[in-house]
There are 4 protein chains.
Amino acid sequence: MAPTKQGLKIAVIGGGSSYTPELVEGFIRHHQELPVRELWLVDIEPGLRKLNIVGNLAKRMVEQAGVPIEVHLTTDRRAAIAGADFVSTQMRVGMLDARARDESIPPKYGVIGQETTGPGGMLKALRTIPVLLDVCRDIEELAPNAWLLNFTNPAGMVTEAILKYSKVKSIGLCNAPIGLIKQVSSKYGVAADRVYAEFVGLNHLHWVSRIDVNGEDKLDEMLADTAGYSAKNVPAREWNPDFLRSLRALPSYYLKYFYMTDAMLEEQLESLNQGQNRAEVVKRVEEELFELYSDPELKEKPKQLEQRGGAYYSEAAVNLMRSLYNGTNDIQTLNVANNGILDFLPDDASIEVNCVVTKTGPLPLPLTTIPPMAKGLIHAVKTYEQLAIGAAVTGSRDLALQALAHHPLVPSVEVAIKLLDEMLEANKEYLPNFFPQ
Amino acid sequence: MAPTKQGLKIAVIGGGSSYTPELVEGFIRHHQELPVRELWLVDIEPGLRKLNIVGNLAKRMVEQAGVPIEVHLTTDRRAAIAGADFVSTQMRVGMLDARARDESIPPKYGVIGQETTGPGGMLKALRTIPVLLDVCRDIEELAPNAWLLNFTNPAGMVTEAILKYSKVKSIGLCNAPIGLIKQVSSKYGVAADRVYAEFVGLNHLHWVSRIDVNGEDKLDEMLADTAGYSAKNVPAREWNPDFLRSLRALPSYYLKYFYMTDAMLEEQLESLNQGQNRAEVVKRVEEELFELYSDPELKEKPKQLEQRGGAYYSEAAVNLMRSLYNGTNDIQTLNVANNGILDFLPDDASIEVNCVVTKTGPLPLPLTTIPPMAKGLIHAVKTYEQLAIGAAVTGSRDLALQALAHHPLVPSVEVAIKLLDEMLEANKEYLPNFFPQ
Amino acid sequence: MAPTKQGLKIAVIGGGSSYTPELVEGFIRHHQELPVRELWLVDIEPGLRKLNIVGNLAKRMVEQAGVPIEVHLTTDRRAAIAGADFVSTQMRVGMLDARARDESIPPKYGVIGQETTGPGGMLKALRTIPVLLDVCRDIEELAPNAWLLNFTNPAGMVTEAILKYSKVKSIGLCNAPIGLIKQVSSKYGVAADRVYAEFVGLNHLHWVSRIDVNGEDKLDEMLADTAGYSAKNVPAREWNPDFLRSLRALPSYYLKYFYMTDAMLEEQLESLNQGQNRAEVVKRVEEELFELYSDPELKEKPKQLEQRGGAYYSEAAVNLMRSLYNGTNDIQTLNVANNGILDFLPDDASIEVNCVVTKTGPLPLPLTTIPPMAKGLIHAVKTYEQLAIGAAVTGSRDLALQALAHHPLVPSVEVAIKLLDEMLEANKEYLPNFFPQ
Amino acid sequence: MAPTKQGLKIAVIGGGSSYTPELVEGFIRHHQELPVRELWLVDIEPGLRKLNIVGNLAKRMVEQAGVPIEVHLTTDRRAAIAGADFVSTQMRVGMLDARARDESIPPKYGVIGQETTGPGGMLKALRTIPVLLDVCRDIEELAPNAWLLNFTNPAGMVTEAILKYSKVKSIGLCNAPIGLIKQVSSKYGVAADRVYAEFVGLNHLHWVSRIDVNGEDKLDEMLADTAGYSAKNVPAREWNPDFLRSLRALPSYYLKYFYMTDAMLEEQLESLNQGQNRAEVVKRVEEELFELYSDPELKEKPKQLEQRGGAYYSEAAVNLMRSLYNGTNDIQTLNVANNGILDFLPDDASIEVNCVVTKTGPLPLPLTTIPPMAKGLIHAVKTYEQLAIGAAVTGSRDLALQALAHHPLVPSVEVAIKLLDEMLEANKEYLPNFFPQ
C-alpha cells in the first residue's frame, strides 16, 4: 500500500467516541512506523458536541507531541472517507438508550440481556449492519483500496455482513484477545511477544486452547487460576475448576452467559430490580470522561479512560494498521473469513482466530487444537448469526424469528416471538428495513 | 449374502419384548422374500417369564400360519448369535424402573426428563452402550458376516458407538420415519412408495425438508397442518404456524423438547406432581399386553399392540432385512455413518438419512435441502453425543460432565454437576465403567 | 412432472441422426410407462435430407406399432422445444469432416487423435459447447421445466458447461456404462438388475471398482478376463493382466489412450498411413444405414444399426426418461454435478457416477471404493476440461493453450502451441468465439 | 524447547557431505541465537574418509572462529542421535553411482532420467525411505523431542513417509524456495524479508503464484523475465513467454521436465551420447571440493562450494533451527503435512508451502491464489508419490508398478513394466524390502 502523498489518511467513523484519545495517543506514539498525515474524525449530527470536545483534545495532543498530523472534524462522512488509507468504525446506532433496552427487555422474559450476546446482540446487529453497509458503499466508491477496521459490535456479525455484502477489505477487531495476552504476559513477567495463545471460535465466543509462555505450555496453570480471567464489563462469577480442567481450554468471559446462564440471569435481574444496568453505568462514566476532555489544559490521554471495559481497543487498531502498512508478518487475533480454518463452518463465516498480518492482508493460521466441546456451541451461535445477518439485510421478520428461536439462550419459540415483538417495536426508529415508510 | 443352509437365522436380543409378536408377524407375512428358517429369541434371566410368554405366542403364530420357522427361546446369547444372518436388538438396560428415573430426576432441576433426549437419554446411553458393545464382541467372533439391526435407544448414539468401537456391520433403526411416510400416504390416499420424504439430522432430531407425493411438492401443505404431525409418546403441543412456515421443514416431534422447552417441562412437572410419568403408563400397557399374550388361544398379533408408541418398529426391521437380503436397492431412512452427507459433521458420526439399501449395505443419499436453521442444533446435539459416547466407553466422569454441560437442554454447568451426581448414583448398578468394583 | 395434456412432448435436437430409429423403437416399446404424445425431430438445414429419411421411417414405425405418437419433422428448433417435457441432443457440429480432422491432425505431432479424448476432444468441445448453450437459452425460455438429456460428446464437458452456464435441468448420458452392465449380465446369464457395478470417474474416463452379480463380488473374475472388456470404436489392444490385477478396478476402454499411449498412437499412425480413420469408417456405415432407412417397406429398426459403436444410447435415454417420469428411484450411471462425491473435485464438476433417479432428478450415490491410482489422472483430465470449457465459452486462446498444455496426452507446451494453431485454424468456421467477425 | 544443559546438540546424518562446511559456517555465524554446544557428524563406514576430511575442516573452522562448539565425528549413529535437539539428514543411499543409474536408465526407454523426478526419483525413494525410517526409529527411542530436518531427496516423499510411518517431528527442506527469494531480492535490490513469494505445490513441483516486493505485486514482471528463473542442476531451456503469461504463476525449474518433456529428453539423450551425465559432473566437482577441504590451511568455507546446485541448503537449515529454537514466528517455505491447505489432497500428504515457524513447529499459511492449471498435475504426481511411498515401505512390486504406470512422465504401462524390471534389478543391493534374503 502506497501512502497517499507523504503520509496516510485515516478516517474514524464515530470519531466522537470517548475512546478516540487512546487512538490518537497510538498514532502519536507510532508515528515513525505509521506516518499518519491526516486524521479525519467524523460523527453524526447528534454527536457533534462530543465530536468537538474529543476532536479538540486530539488537536491539543497532536500539538503537544509535535507530530505533523492534521486533525479534521466533520459530519461529512464522504469527505472523510475519500482517498483514505484506513477507515475505522466505532459507533453505536441508537446510542446508549438502545443499549439500555437491549439489556433490560430480555430479562423480563427470563432471557440474558446483553449488548452483544443473545437477543440484545441481535437487535444491535439489526440496527448496525445496514449502517455499516452504507459506509461500505462509500468506501467502495471513494476509497476502494482502503482497509476497513471494524470495532463496531457485534463485531463478528458486522464483519461477516461486510464479507458477504460488500467488496471492502475489512477486518473485525476486539480488545479481548489482546487483553488476555497482556494478562498472561503480566502474570509471568514476560514481554507480550513471548506469549502465544491460540484462539478458537467466534467474536465474544472463543476458547483459548493453547497458551505458551516462552515456548512452554502454561494452559494447565491458567486453567487452575479460575478467578483470574475476567473483564470489567462481565460480572465476576467464578468458573467451576473441575469443569475448566476437563474442558482443557480457557473460555472467553462472554461464555459465562452460556455456561452459567442461570446465575448470570439472576445477577442481571437483581441489578435491574435495583434500577441499575450496565448501559447506565457506562453513561455516567462517559459523561465524566467528556467533562475531563473539555478541560483546555488537558493535552494527553487521561488515566481514567483505562477504567472502561474497552481497554486496548486502540492499541489493537494501531497495531493492525502498522502491520498492514509495513507488512510485518506478525501474528494478531482478528475476525476474518473462515476459509476452511474451522472445517464445519462455511468459508464466508467470520471467525476470531490468529492471523499473520501480511502487507496484503491477514492470513489465518491453522488451529493446532480445537476443543471438541466447543464445536456444537460455535455452530449453534453461528447459525443464529447467519440468520440474523440475513434478517438485518432484508428486514425479514421470518428470518429474525428463526434467528432468535435458534439462539441457544432463548428457551422456546414462544418466548422468541414475544421478545421479537417487543424488541422490534422498541427499536422501530432504527430499523428502516423492518419498518419501511 | 448366502442364506445359511436353506434359510436364514435371525437372533433377536431382547426377544422377550412386547414388540416381538409384530416382528414375528412380519417374518410370517414376508416368508417368501425373506426365508427365515430359525428365529432365536434371547433374553436375560430376569426377563425369562416374558420371554416364555412372548415366545410361546410366537410359536403358536408360526404354527397357525404354517410357515417353516423354528422358534428358539434361550438365555444363551452366544448360541443365538452363532452363525446368525441377522441380529436385531431391542433392549432396555435397567428396565422400566431406570426409565422412570431418567424421566423423573431431571425435572427436579428444571430440565426435561425424557428417555432418549437430554440427561435421561445420556444415562440410557451410559447404561446401554457397553452392553451393546459386548453383543458386538460376540457377533465379531460368532457371526462376523451378520448384519446388526439396532433398535435399542438412544439408537443414534448406540449406532455411532458401534461404528467407532467395533467391526460389526450395523444399522440403526427408528420407527419415526416410517411413521411419517404412513401418515402422509394415508392423508393423500396414495401408496407409501409414492411418498418421498427427505430426512435431515440425527435420530430423534430430524427435520423433513422435502415431501413429494406422486412427485408433487406437498411440504407447504404439511407445514400448514400443525396438529397432524405427532406421536403417542410425545405430548401433543401444537407447533406455532408462523414458525413452521418460516422454518421450511417439518420438525420431528422430539424437537418439541427443544423448540417448546418451557411448555414441555411444565407439562412434565404437572404429570409428575400428579404421580404420572410415561414409564408408568408404558408399564401398565405392557402388563396388559403380556396378559393377552398368555392366552393360549391367541395365535396372531393382537390389535392392542398397535396402541404403543413403537408402531412400525417391526415393519421397519423386516423391510430392511428383506432389502439387504434381496439387494432391492429401495430407499429407507436409516441411522448410518455420515461419510460427508452432512458436511459439517465427521465421517464417523451417525446420522438419520435416506439410504439406498444395496446387497452390501445402505448407501446414504445426498441431501437436496438442508434447512440452514437446523445445522447449529444438529451440531450441538452431536457434540453432546460424541462426548457421552466417549464417557460410556471409558467411564470418564469428566467426559460425562462435559457432555451434560454442553447439552442444549441443560442450562448451566452448575445444574449439570448436580444432575450428574444424582443420576450416576441412581444408576450405579448399571454403570460398571463408572463404578468399577 | 405433469405430462402436457394427455401425453409427453419430446424434442430430439439432431433428430436426423442414424441413431434415431433406436430411440423411436424405445418410445414404442415403453409407451405404457412413458406416454409420448408428440415426438419432434429437429435438425439443421444441411441435415434436412437425413432428417426426412429418418423421420419418415419413424412415422412408419409408429404406424406399424399402432401407438398414438405424432412425429413432427422440423428445422424450427424453438417450435420443437416449446413446452417440451424432455429435450434430447445428439449432434455433431461440423459433422464427420470435423471429426476426421480431430482424428488426423494430432498424430502428425505424435499425439493421440480421438474425437472425445485429447486435442480432438478439446476441439469438439470448443465447437459444440456454444451451440448447446444456445439450445439451453431456448429451453430456459420455452420449456423451463424440461429435462435436457445430453448425448452430445464430449458429454462430460458439455454437461459441466451447462451446469455452470445455464439454469436448465440437464443430465449427461453415455452408452458405455449400460454396455458394461449388459456384458456382465450376459457373461453370467443373469438379468441386468442383478448386476451392480460401481463407476468412478468422468465421462470416457471411468474405472469400475466393484462388480457384484447377485450380490457376489465378481471383480477379480472380470479383471482376469482382459480381452473381454472392449468397444467397437476403440481398437482392441489387450490389457496387461498384472497391471489390471494390481489396479483392482476395471478401466474404461477409453483409458487405453492413457495407459497404452504409445501402442494406441502407433495403431493410429498405421491406419492413417493406410488412408483410414475412424471417421471415414463411420461415414460409410452411416451412408449404408440411410440407404436402408430409405426403403419404404422398412417399418422397424434394422438389425445393422446395432453394429455401430453407439449401441444402447437410446435404451439409456428411454430408461432415464421413464425413471424421471415415474420416479422409479432405480440406479443408473449418469453424468451429473459432483457435489462432494469425489471429494477432490469441485461441486460443479461433472462426473460419471451411479445415481438414484428420483422424480425430481438424479441423486448421486456415494462411492464405496475409489481406486487410489485413479485420483491423479481424474484430476489431471478434469483440470484440462475446466480450462477447455472456459476457453469454449470465452473464446480465449490463452485458456485453450493452458488446457492443451495441461492435457496428460500432450507432451509439451511447444507441441500444444503448434497443435492449437493448426487445429483452431482448421475449425475456424465452427469457432465464432475464437474468430469473431 | 529447553536446550540441553547450556547448549544445543545437533546430529548431522550424512555429515561427510561436501555441503557440511556451509552448515558449519552457519552455526558459527549464528551462534548467538542458536547456541550449538555439540555438533555430531555421522556417516557410514564407506564414507569415513570424506567424513574425516570434512570433519577436520569443521574443527579448524570452529577453532578459527573461536566459538565453543565441540565437533564429534562418528559412525555410531545412535550415539550421535541420543539426546539431540536437532537431527538433520543429507544422504544418498547408493551414492553417486546409484544416481548415475537413475539418470541413465530411463532415457533408454524414452523417459526423463532425473534423480528426484520420474522413474529415477522413484528408485531414489525406494532406496532412501527405509533408511530414513530406520533413523526415525532411533530418534523415537533416543531423542523423542528432537526435530528432524530432512534434506534428503526426494525430500517431499521422504517427509510424507515419515509423517505416515513415524512419530518423529519432521520437516522437509529444499533450497529452491530460498533460492528464488534471493534471486528476487537481488533483482530488486531489497532485503530478502521484503520479498513475499507464495509457493504452491509439492517439493520440486511448485508454482509461485504471488511475488510481492515491498508489498507491490511483481508477478507480471517476473513472468516476463523468462530466462531468469533457472538452476545449476537443471538445463537452461527457456520458457515460452505466452505460456508463462497465461499460466499466471512462475513454475519451478523442475517443471521443465513436465512442460518441455520432449526438449529436455532430447538434451539428456545428447548428453548421454556424449558420455556425460549430471551424476558424473557432480562426482568431479565433489572430488575437487574434497581435495580443497583436505588442505590443513583451509579454515573457512571455500568459495567453490557455492558453484554446486545445492546452494543455500545450509542457510535454510540454520534459519529453520533458529526459528524453531527462538519461536520467531517468521515465514519459511517448508515441506509439511497438508492438513487442508490444498483442499484436494489428503491431510497427511506432504506439500511445499509457506509456514509460520512457531516454537512448537511450523503452521502452514493458507494460499491466496492456487493456479487452477496446477491442480491436476499436483494431484497426478502426488498420486504417484503415495503409491511409491507405499511400495518403499512394503516392498510391493505391484505398488511400484502402479506408481510408475501412473507417473505423468511414463508413456505407458508397457514402458513402466520394462523400466521397473531393469531399475529394480540394477538397485538390488539397496532394496532389501524388494529382495529379501
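Me: How do you know that the copies meet through the same surface?
Reply: Compare the interface residues: 100% of those of chain A are also interface residues in chain B, so the copies do meet through the same surface. Two residues count as in contact here if their C-beta atoms, placed from the backbone, lie within 7 Å. By the way, this is a predicted model, where local features need pLDDT of at least 70 and side-chain atom pairs count only at pLDDT 80 or more, while totals for chains, interfaces and linings use all residues. Residues are numbered from 1 along each chain as its sequence is written, and chains are lettered from A and ligands numbered from 1 in the order in which they are written.

Me: What makes the relation of chain A to chain B that of a two-fold axis?
Reply: A turn of 180° with a shift of 0.0 Å along the axis lays chain A on chain B with an RMSD of 0.1 Å, and that is the relation of a two-fold axis. The superposition is by least squares on the C-alpha atoms of residues with pLDDT of at least 70 in both copies. In chain A, the residue that comes closest to the rotation axis is Phe344(A), at 2.0 Å (C-alpha).

Me: How many residues does the contact take from each chain, and which helix of chain A gives the most?
Reply: It takes 35 residues from chain A and 35 residues from chain B. On the chain A side, α14(A) gives the most, with 10 residues. Helices here are DSSP runs (H or I, at least four residues), numbered from the N terminus. By class, that side has 19 nonpolar, 10 polar and 6 charged residues. Ala, Val, Leu, Ile, Met, Phe, Trp, Tyr, Cys and Pro count as nonpolar, Asp, Glu, Lys and Arg as charged, and the others, Gly among them, as polar.

Me: Why is α5(A) called oblique to α14(A)?
Reply: The two pack at an angle of about 45°, with their axes 8 Å apart. Angles under 35 degrees count as roughly parallel, over 145 as roughly antiparallel, 65 to 115 as roughly perpendicular and the rest as oblique, and that makes α5(A) oblique to α14(A). Axes are lines fitted to C-alpha atoms, for helices over the stretch in contact, and angles run from 0 to 180 degrees between N-to-C directions.

Me: Which classes do the residues of the contact of α5(A) with α14(A) divide into?
Reply: They are 10 nonpolar, no polar and no charged. Among them, Met122(A) and Leu126(A) are in α5(A), and Ile389(A) and Val393(A) are in α14(A).
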